[in-house]
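Me: Please choose one part of this structure and take me through it closely. I would like to see first how it fits into the whole chain, and then what lies around it.

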Amino acid sequence: MVFKEKQEQPDYLVGSVDFLGSKIDLSQKPFIPRSETEFWVEKSLDKLQDIKKDKIYCLDLFSGSGCIGISVLKKIKNSCCDFGEVDKNFLKQIEINLAGNKISGERRKIIKTNIFSGVKKKYDCIFANPPYVAENRIDEVEESVKMYEPNKALFAGEDGMFFIRKFLKEFENYLNDEGMVFMEFDPDQKKEIEDLLKAKKGIKFEFWEDQFKKFRTVFIKKQAQN
Ligand SMILES: C[S@@+](CC[C@H](N)C(=O)[O-])C[C@H]1O[C@@H](n2cnc3c(N)ncnc32)[C@H](O)[C@@H]1O
């Protein structure tokens with residue numbers, strides 16, 4: 001028997017993970033949902049409860065397994081969610097997870113998109129967990145992660161900011177007035193994100209720590225226009 005040099009990620013061997021009470025299938029080998037993501041998504045659900053609208057339109061961009069949007073659809077009964085992903089294998093993965101979590105057709109749509117290229121409307125909430133690992137820190141990434149998880153889901157140029165910069169440049173075009181954005185990032189990227197957001201008008205933002213007391217998420221709110 002030939003042994004692999006590194007152990008495959010146990011979650012892939014099991015075939016699924018729990019994410020906020022939903023079973024997330026991993027058969028297409030998407031990015032494995034992380035507990036740091038679960039932590040801020042749970043917090044973001046409280047913000048969604050404050051939206052007083054008959055229907056809340058959400059976009060889960062960079063959706064991978066679809067774990068974020070599926071949690072929103074299951075916990076917020078008047079929500080609808082579009083899932084945006086570039087990789088066709090993960091489009092199939094999202095479909096598998098929607099079916100597995102018994103989410104009906106009219107509340108959701110899967111969009112093949114390169115960041116916002118395929119996004120055609122505005123939303124009340126955008127959730128984004130883009131690839132953000134800096135290639136110049138590749139040595140700090142666990143071997144099993146590099147070997148088995150999709151590299152396209154992890155790395156984002158020398159400093160890890162490639163997708164974040166593009167996302168922050170454009171997100172307002174896809175947000176309704178008073179719409180919200182929740183975006184995950186690496187704690188080292190906080191300063192640049194803060195500078196990019198300070199240069200914008202018509203938004204408010206705050207940073208959230210993860211369960212390990214590291215800044216991990218930015219919450220942005222678009223102000224109503226007069
Ligand atoms: C860090 S994973 C996040 C997956 C999932 N949302 C989560 O939180 O577990 C980033 C995802 O973005 C996708 N992606 C990479 N480049 C993209 C692009 N240009 N446009 C849309 N999605 C992209 C990857 O395929 C991957 O599924």
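Reply: **Strand β6 and its surroundings**

Of the contacts in the chain with a separation of 6 or more, 65% are between residues 24 or more positions apart, where a contact means that two C-beta atoms, placed from the backbone, lie within 7 Å. The model is a predicted one, in which local features need pLDDT of at least 70 and side-chain atom pairs count only at pLDDT 80 or more, while totals for chains, interfaces and linings use all residues. Residue numbers start from 1 along each chain, following the sequence as it is written.

The chain has 8 helices and 9 strands, which are DSSP runs numbered from the N terminus (helices H or I, at least four residues; strands E, at least two). Its radius of gyration, taken over C-alpha atoms, is 17 Å, close to the 17 Å given for 226 residues by the globule rule (2.2 Å times the number of residues to the power 0.38), so the chain is as compact as a globular protein of that length. Of those 226 residues, 35% count as buried, that is, with 20 or more other C-beta atoms within 10 Å of their own (exposed means 12 or fewer, partly exposed in between, with C-beta atoms placed from the backbone).

Now to the chosen part, strand β6, which covers residues 123-128. Here 6 of the 6 residues are buried, so the strand is largely enclosed by the rest of the structure. Strand β3 (residues 56-61) is joined to β6 by 4 bridges, and the two run parallel; in this pairing, Leu59 stands opposite Ile126. Strand β7 (residues 175-184) also runs parallel to β6, with 5 bridges between them, and here Cys125 stands opposite Met180. Strands are said to pair if DSSP finds at least two bridges between them.

What does the strand give to the nonpolar core? The largest nonpolar core has 48 residues, and Ile126, Phe127 and Ala128 are among those that touch the most other members, together with Cys58, Ile164 and Val181. Such a core is a set of buried Ala, Val, Leu, Ile, Met, Phe, Trp, Tyr and Cys residues joined through C-beta atoms within 7 Å. In soluble globular proteins, nonpolar side chains tend to be buried together.

Phe127 is worth following one step further: leaving out residues up to four places away in sequence, it touches Cys58, Asp60, Leu61, Ile68, Gly69 and Phe182. Two of these partners, Ile68 and Gly69, are among the buried residues of helix α3, a helix in which 7 of the 9 residues are buried, so it too is largely enclosed by the rest of the structure. In the loop between β3 and α3 lies Gly66, which counts as buried with 32 C-beta neighbours inside 10 Å. Gly66 touches Asp60, Phe83, Gln93, Ile94, Asn97 and Leu98, again setting aside residues up to four places away in sequence.

The ligand brings the same helix back into view. Of the 24 residues around it, meaning those whose C-beta atom, placed from the backbone, lies within 6 Å, Phe62, Gly64, Val86, Asn129 and Ala153 come nearest. The elements that give two or more residues to this shell are α3 (67-75), β4 (79-85) and α6 (151-154).
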